[in-house]
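Please look over the sequence and the model before reading on. The report below follows a few places in the chain, one after another.

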Amino acid sequence: MRLRTPGFVFSAMAFAYAFLYLPILAVIVYSFNESKLVTVWGGFSTKWYGELFRNEQLLGAAYQSLKVAAISATFAVVLGTLASIAIVRFGRFRGKSMLQGVLAAPLVMPEVLLGLTMLMLFVAMEQLIGWPEKRDLTTISIAHITFSVAYVVVVIQSRLKTIDRSLEEAALDLGARPLKVFMLVTLPLMFPALLSSWLLAFTLSMDDLVIASFTSGPGSTTLPMVVFSSVRLGVNPQINALATILLLLVIICVFVVSRLIRQEKR
């Protein structure tokens, strides 16, 4: 009997989807649970959403995480774009192999090791030049930029390699300056990669717990740190409500980005 029968394919697909999405569905359902016990259904209620929006600790941590993620994603895209252009468009130059190795290192380096090295760097800098005076959102952002750039370079570099150079050459032949060609020809062609790499860097920053734990200080707690510290004592229904809201935001962002990319391809 062949394995590629319709029944086997459907069963494998159903199992995969159930394995991936049933836990998420359970979180959404129990976010509307009346009971404080997340494993006991006590009736439908939205009170935990009200409790969530009155929880200043969670809201403050969410705001700080969003701010750090936006800053780190923006800087990572800018630096990653410059590095990708240097690697793809400038051919061979002194230090190119070292640059590629440095950019690829965060992809394979354990987060614990990366967080520890960043912590040691900030401590050494404070002793040498007096900055940073304390670990706060600035140090977290720098650490997130460091490892996000590696992922951005992978996305943008692959896009640059597929861009038709004849379009840029035609613009140069018509008298456009290199900067104008980059802004009006190359950059629009790179837009889907820039947008997807920004979202990837934003998601990585929002999701990070280990590196933020090493590089943060008092008053600079991010959302993953607050959630992790709270679930160690048991899952609070407010966490389910928070996860549902974040999931809704992700779905909206994915929908908007897919529409933008689809319009860009037309």
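## Two buried residues and a helix

In this predicted model, Ser31 is in contact with Ser45, Trp48, Tyr49, Asn240, Ala241 and Thr244, when its neighbours within four places in sequence are left aside. The place of Ser31 is in the loop that joins helix 1 (6-30) and helix 2 (47-53). With a relative accessible area of 0%, Ser31 is buried, because buried means under 20% relative accessible area. Its side chain also reaches the backbone oxygen of Ile28, at 2.5 Å.

A second residue to consider is His144, which belongs to helix 6 (residues 137-162). His144 has a relative accessibility of 1% and therefore counts as buried. Its side chain makes a polar contact with the side chain of Ser205 at 2.7 Å, and Ser205 is also listed among the residues in contact with His144, together with Val68, Ser72, Asp208, Ile211 and Ala212, again leaving aside neighbours within four places in sequence.

The two buried residues can be set side by side:

| Residue | Relative accessibility | Side chain reaches |
|---|---|---|
| Ser31 | 0% | backbone oxygen of Ile28, 2.5 Å |
| His144 | 1% | side chain of Ser205, 2.7 Å |

The last element is helix 3, which covers residues 56-89 and has 34 residues. From its first C-alpha to its last, helix 3 reaches 49 Å, close to the 50 Å expected at 1.5 Å a residue. At the start of helix 3, a side-chain oxygen of Asn55 comes to within 3.2 Å of the backbone nitrogen of Gln57, while just after the helix Gly91 takes a positive phi of about 60°.

Key:
Residues numbered from 1 in each chain as written. Predicted model: local features only at pLDDT ≥ 70, side-chain atom pairs only at ≥ 80, totals over all residues. Heavy atoms only, no water. Helix = DSSP H or I, 4+ residues; strand = E, 2+ residues; numbered from the N terminus. Buried < 20%, exposed > 50% of the residue type's maximum accessible area, 1.4 Å probe, protein only. Polar contact = N/O pair within 3.5 Å; in protein donor to acceptor, adjacent residues only side chain to side chain. Contact = heavy atoms within 4.5 Å. Expected span 1.5 Å × (residues − 1).
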